[in-house]
Amino acid sequence: MNVFNAACKRLAPLLVMLLLACKGESQLPAAPVTTPGPPGVPAKHCRNFNALRNPYFGDLHVHTTYSLDANTQGTLTTPHDAYRFALGEKLGLQPYDANGQPTRFAQLSRPLDFTAVTDHSELLGETEICTNPANADYNSAECLFYRQSPDQAFIFFNLFGPGTAGVPNASGGKSVPRLPYCGVNGERCLEAAKTPWRDIQRAAEAYYDRSEDCRFTTFVGYEYTAAPQSNNLHRNVIFESEVVPEIPPAYQEYPAAEFLWQALSEQCQAADGCNYLTIPHNSNLSAGLMFQTTDDAGNDYTAEFARTRQQNEPLAEIYQHKGQSECLNTMGAGSRDELCGFEVLPYNNLTGNRFGGLNTGPPMEQDFLREALKEGLRLEGTLGVNPFKYGFIGSTDTHLSTPGNAREENFPGHAGAGLNPRTGVPGLTDVIEVSPGGLAVLWAEQNTRESLFAAMRRREAYATSGPRMQVRFFGGWDIPADLCGSRLFVEQGYQRGVPMGGDLPAARAGSIAPRFAVSALRDPGVSGAEGERSEPLQRIQIIKGWVDAAGLKQEKVYEVAGNPDNGAAVNTDTCETSGPGFASLCTVWQDPDFSAEQSAFYYARVVQNPSCRWATYQCNAAQVDCSVPDDVAPEYQSCCDTSYPKSIQERAWSSPIWYRAQ
Amino acid sequence: MKRLLHFLLLGGLLLGLQRLTADWPLLAAKKPIHIGSEQVAAVQAEWQGALGRAPDAAQLQASVRKLADEEMLVQEARRLGLNRSDPVARARLLQNLRFAYPESLQDDERLLEQAVALRLDQRDFVVRRRLIQLMQQRFSVGAELSDEALRDTLAANPERYGSARRVAFRQVFLSADQHPHDLAAAAEALQTRLKTASDADLGEPFLGGSQFGFSSAAEIRKIFGTAVAQAAMAAAPGRWVGPVRSAYGLHFIHVDAVQSAQAPDLEAVRQRASYAALEQLEQGHVEQALIGLRHRYPLVVDAPLEASGAMR
C-alpha cells in the first residue's frame, strides 16, 4: 500500500491534468466502427444467408478451467477446448492416464452454430492490468485512476482501452498475433501480459469463422456471479463483438445488477463498437430476489429503472443443469399445469441440500419466469414500462467445457455444483436433481455475431431442453386462419404478424382477438452408429398470462395442437419408446378469452413424447433393482428416490409475444 | 579509481548474476515434493469415482505425477514470492484471516505473514489455483509461431479452416403425418408428376422451406436429418432424386448448382489459426518448463505405489 500511496502522490497532478483534459475534450476522436445495418436487416455476408431467417442452435453458458468452481473440481479444459467441442471435435475429460491423456471423452453428434464461454469474472477480472504490481502498467495513470475511481475509469478506457484502431495486420509469421481490441497503444496488449480474460477473448477470436462459410460463431462473454447469501442473481454478459471492456465488471466492484449495467454502459459503449446484454439464469435459485420489485436500495421500481432492466435484459435462461425456471405449479391456475413439474429443483438457492438444507427453503413461484412476466405486466400497468419483458433461451451451464452436451443418454455431470467428479463416489454422474440442460435457439438471417446478437436483442429466440426441434411462432390481428396449409407460412407470418419476442401492434378497429400461428418440426435426430435418437412431438400448448381487472395475476394453458392423450409411452426399464406422435404440428389459434382491456403475454410450449430421464439410463445400465432396496448399492440409492420421475417430456419454450392494452 | 571501477563492475556483475539465478530453479536448493499415503488414496478414490475402477500402476503413477506437478508449481510460486505479491492471492489470504479474526487490528503485512505461517497459501484452494495459474502463464510466455507450424495447423484441420462443399437445391415434400397409410403411393404419383409439372405446386408445405441457397452438408442435416443431407450432397445437378426418407416424411431433391470444397487459404485464416495454434504451442512450453522444474523438486512418494517408493 505504501508503494501505491507514493505512486498516487507522484502521479496525482498528472491524473488531475488528464482528467481535466478528458472533460475539456468533448469531441474525442471516435474509434473507427463498422456501422451496422438497420436493426434486423444485416448486410448479406454468409453463403447460406436467408432473409426469412434460419434457426441457429447454441449454448450461451459454458464454464472452463478459468472458473474457480470448475477448476477445483478437476476441470482442466480451456475455452479453446470448449469451442473445439462445440465444433464437433472430441474432447477428453479427466482423469488422465499414464501419458497424461484423458480417460473419458465427450463429443457432439451435431456441432453447435454458436457458443459463448462464460467463465466467472470474479477472481478473473480484477487482475493483471491494473491490480498486479508486477505488471509494468500497474502504476500507469489509468490504472491508478481505475483503482481510485472506478466509476470514472471509463473515460480512460475510452481514451486508451477498447477501440478498433489498432487491429494488427498480421503479415510476418514470427510475431505473436495480438488481439484485435488492442488500442492505439497496442504494445500494452502483447500476449506477454496474458490473462484468463485475454485468453478467453483470444479463444473466441480463434474459433469465430469470419469467412463466408459462417460455420461457427463465438461470443466473448463472462458470468457475473452475484449470489448474496447464496441467493442466485447470476447473469451471463454477452458482447456483440471483439470490442469489450479491459476488465469484465465483476460482483466485487459492482454488487447489484444495476451497478453492473451502469458499469457496462460506461465501459462498453456503442460508439466504440461495444454492445452487450445480460442474461439472468437460475432465477429458480434466487430465494425471491431475482424478480423483486425494488432496486438494491429498497426503492420501488421507477419507469426509468424498469426501462434500464428491459433494455439490458431482453432474454432469460429458462432451463439449464440446475433446473427449469419456467413455472412451479403452486399458484392460481398454474396448479393445473402439470408440465410445470419438469426438472424442478427442490430448494430455492445455491446452497441446495448442503448443510441439511439449513440455508434454503422450498422453491418460490415468484422466482419463476411465468410469474415474473405477469408481475412485469402488473408493473407496466402502474409504471408504463415493463421491467420483466423476457424472451427465453436454454443453455447447459456445463463446468466441463462441453457446450451443447444436453442429451439425457450420456450426461457426464454438471461438475460445478452437485457431485464433484474429482472425488465423487461411483454411481450416478451427478446428484439426482440436476439434469443435462438445454439449448438456445436464435432465428437469424445468417450465422454472424451481428445477426445473432440482433436476434437476441429482439428476442426472436427460444429454448429447448436439449432436442433440436424447430419452432416458429407468430402473432397478429389478421393472420389467416388457414396459414398452416400455406407454402408461405413464414413470409405471411412476418408480413401479417410479429415473430416470437415481439409486441402485437395496437388492435385495429373491428379486430376481435389476436391470432397466433405456431408451427413446429420434431428433432430430425442423427442416423448411423454415432447417431442421436429423437422422439416425435406430442402437442403444442399456448400459455397466456395476464392481470385481471381486479389486479390479480392470471394464467391459462391452452392445448392448441397435437394430442396430450396420444398414448405415447416409454418403458423405463429399457428406455424403449412406443406409441404414435407427430413429425410436425401446426395450428392457428385465436384467443377465445381475449379482452382488449387486459395486457397479456402468450408463449408456446412444444412438447415431445415421453422418454427416459438421464438417471434412468444410468440406473438401468447399473442394473439397479429398487424392488430389493437392501441390494441397492449406496451410490445408486438415488435411483430409487420416487420424488424424481424416471421419464421426462422434452420440450421447447418460445419467447412470448406481448399484447399491451391501450 | 581503477580499483573502484573494478569493484563496481564486479559488484554489478555479481548482483546481476544473483538476479538472474534467483529465477533459475536449477541453481536453487533441491526441495523434494512428498506425496503421502493419504494423497495416493485420494487419487485412487478419484479414479474409482470417475471410472468405477482403480487405476493401474502406470495410471496411478501419472496421476500422482500430476498432483506433484501442481504442488511443485505452488512451491515455485511461493519461492518467487507470488503468494505475497499477487493481488488475488493476497486479497484471498487477507480475507480469510479477517474472517477468522474479525477483531484483529494488525495491518495487512502482519496478517499476510500470519497466513503464510499457517500455510494458508498452500492450503486455500483459491490461492493454490491462482498460484498454479500464474506459473502456467509465466511458462507459456515466449512461444513463437512459425509459418510452418501454422501450415501444420491448417493441414491438420482442413474441415475447420477450409470451405465446405455446398449445394443450392429445391425439395418437394410429402408429409408422413398427412399420409399415414399411403405415403409410398403418394410418392410414386408425385415422381411421375415431377417429370412434367412445376415443382412449386407439388407436395406439401414444409416449415423448413422448399428452396435453399448454397448449403453445406451440416446445414442441410440440421434441418432435414442425415439421409437428406447425404442425398443432396451426392446428387448430380439438374435432375430430381428421391424419394429420401426423413423423420418428417419423404423428400425429392433437385440440386441446381454446386460450389466445390476449398482447401484452407493461409492468408485468409491466418489470424484465427494463429490464435488456435499458439494455444497448442503454449501447452508444449508449459510441459517443457515442468520437466525443467522437476529437477529442483524431485518427487518422493511416501506410500507403496509399486515396488519402489520413489518415482522419477
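This report walks through two sheets in chain A and a helix pair in chain B.

The structure is a predicted model, where local features need pLDDT of at least 70, side-chain atom pairs count only at pLDDT 80 or more, and totals for chains, interfaces and linings use all residues. Residues are numbered from 1 along each chain as its sequence is written, while chains are lettered from A and ligands numbered from 1 in the order in which they are written.

**Sheets in chain A**

Let's start with some background: strands of a sheet pair through backbone hydrogen bonds, either parallel or antiparallel. Here, two strands count as paired if DSSP finds at least two bridges between them. Helices (H or I, at least four residues) and strands (E, at least two) are DSSP runs, numbered from the N terminus.

| Sheet (chain A) | Strands | Order | Pairing |
|---|---|---|---|
| Open sheet | 4 strands | β14-β13-β15-β20 | antiparallel |
| Open sheet | 3 strands | β9-β8-β10 | mixed |

Take the sheet of 4 strands, ordered β14-β13-β15-β20 in chain A. At its edges are β14 (498-499) and β20 (584-590) of chain A, each with a single partner strand, so one side of each has no neighbour in the sheet. β13 (residues 470-476) of chain A pairs with β14(A) in the antiparallel sense over 2 bridges, and Phe474(A) has Pro499(A) in β14(A) as its bridge partner. Across β13, β14 and β15 (515-521) of chain A lies helix α12 (residues 489-496) of chain A, running at about 35° to β13(A).

Now for the sheet of 3 strands, β9-β8-β10 in chain A. β9 (323-324) and β10 (391-394) of chain A are the edge strands, each with a single partner strand, so one side of each is left without a neighbour in the sheet. Strand β8 (residues 315-320) of chain A runs parallel to β10(A), with 4 bridges joining them. Glu317(A) sits opposite Ile393(A) in β10(A).

**Helices in chain B**

Over in chain B there are 14 helices and 6 strands. Helix α12 (residues 217-224) of chain B packs against helix α13 (residues 226-234) of chain B at an angle of about 140°, with their axes 7 Å apart. Those axes are lines fitted to C-alpha atoms, for helices over the stretch in contact, and angles run from 0 to 180 degrees between N-to-C directions. Two residues are in contact if their C-beta atoms, placed from the backbone, lie within 7 Å. On the α12(B) side, the contact is made by Ala217(B), Ile220(B), Arg221(B) and Phe224(B); α13(B) brings Thr226(B), Val228(B), Ala229(B), Ala232(B) and Met233(B).
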